[in-house]
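Hi everyone, thanks for coming. I'd like to take a few minutes to walk through one structure with you, so have a look at the screen and we'll go from there.

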Amino acid sequence: MIIALDGMIRKYRAARSDEERQDLANTILDRYNVTAALMVLDMSGFSKITRDFGIVHFLSMVQTMQDITAAQIDLFGGHVVKFFSDNCFAYFTDPEQGVKCAISVMQAHNELDKSIATPIDICMGMDYGEF
């Protein structure tokens with residue numbers, strides 16, 4: 001799904017006329033637009049952690065964050081749109097479940113942080129509407 005969307009976005013960006021751009025925008029919105037709660041997560045501390053412990057250490061932290069976050073999103077009925085580097089984009093058709101998921105993700109990371117040498121600091125934001 002993401003690959004098809006990426007291709008359509010590239011075509012939209014390369015469109016030579018307003019009419020072509022509008023047709024592509026309508027196609028994208030018809031196919032992918034949802035009313036949902038959107039959650040965005042970002043890890044903090046890349047520069048310092050990489051400098052202090054190396055890139056492999058940070059990449060292992062990213063994988064841990066992705067594993068924890070994906071499991072919680074699934075548990076609360078959400079959908080991962082994309083993991084990109086140390087970021088996660090997900091949506092929930094039920095906004096209450098999205099909020100519960102965000103709290104659960106924070107709790108899971110806080111619990112893990114008690115047992116590891118380098119805490120995984122994350123920040124999250126949520127919005128609700130048409131995306």
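Let's warm up with a small one: in which helix is A14 found? A14 is found in helix α1, which covers residues 2–14. Is A14 buried or exposed? A14 counts as exposed, because its relative accessibility is 53% and the cut-off for exposed is over 50%. Before we go on, please keep in mind that this is a predicted model.

Now for the whole fold. The protein has 5 helices and 4 strands. Reading from the N terminus, you meet them in the order α-α-β-α-α-β-β-α-β.

What about overall dimensions? The C-alpha trace spans about 55 × 35 × 20 Å along its principal axes. The radius of gyration is 18 Å, whereas a compact globule of 131 residues would come in near 14 Å. Of those 131 residues, 30% count as buried. The accessible surface comes to about 8300 Å², and carbon and sulfur atoms hold 56% of that.

For those of you who think about charge, there are 11 positive and 18 negative charges in the protein, and the mean positions of the two sets lie 8 Å apart. On the contact side, if we take pairs with a separation of 6 or more, 62% of the contacts join residues 24 or more positions apart.

Let's go inside. In soluble globular proteins, nonpolar side chains tend to be buried together. Here the largest nonpolar core has 19 residues, and M43, I73, F92 and I122 are the ones with the most contacts inside it. Which elements give two or more residues to this core? They are β1 (35–43), α4 (55–75), β3 (87–92) and α5 (95–113). Helix α4 gives the most, with 5 residues.

I122 is a nice place to pause. Leaving aside residues up to four places away in sequence, I122 touches L41, D42, M43, M65, V105, M106 and H109. So if you click on I122 in your viewer, M43 should show up among its partners.

Next, strand β1, where L38 lies. L38 has a relative accessibility of 23%, so L38 counts as partly exposed. How far apart are L38 and Y91 in space? Their C-alpha atoms are 4.4 Å apart, although the two residues are separated by 53 positions in sequence. Y91 is also one of the residues that L38 touches, along with A90, G125, M126, D127 and F131, again not counting residues up to four places away in sequence.

Over to helix α2, residues 18–32, where we find Q22. A25 is found in α2 as well. Is A25 buried or exposed? A25 is buried, because its relative accessible area is 19% and buried means under 20%. Q22, on the other hand, is partly exposed, with a relative accessible area of 45%.

Here is a pair of distances from that helix. Q22 and Y12 are 10 residues apart along the chain, and their C-alpha atoms are separated by 8.4 Å. A25 and A37 are 12 residues apart along the chain, with 21 Å between their C-alpha atoms.

One last stop: S85, in the loop between β2 (79–84) and β3. What is phi of S85 near? The value is near 55 degrees, which is positive in a residue other than glycine. And to come back to where we started, the C-alpha atoms of S85 and A14 are separated by 26 Å, with their positions 71 residues apart along the chain.

That's my tour. Thanks for listening, and I'm happy to go back to any part of it.

Definitions and conventions. Residues numbered from 1 in each chain as written. Predicted model: local features only at pLDDT ≥ 70, side-chain atom pairs only at ≥ 80, totals over all residues. Heavy atoms only, no water. Rg over C-alpha atoms; globule rule 2.2 N^0.38 Å. Buried < 20%, exposed > 50% of the residue type's maximum accessible area, 1.4 Å probe, protein only. Contact = heavy atoms within 4.5 Å. Areas by Shrake-Rupley, 256 points an atom, 1.4 Å probe, with all protein chains shown as cover. Lys, Arg positive; Asp, Glu negative; His and termini not counted. Charge placed at Lys NZ, Arg CZ, Asp CG, Glu CD. Core = buried A, V, L, I, M, F, W, Y, C linked by side-chain atoms within 4.5 Å.
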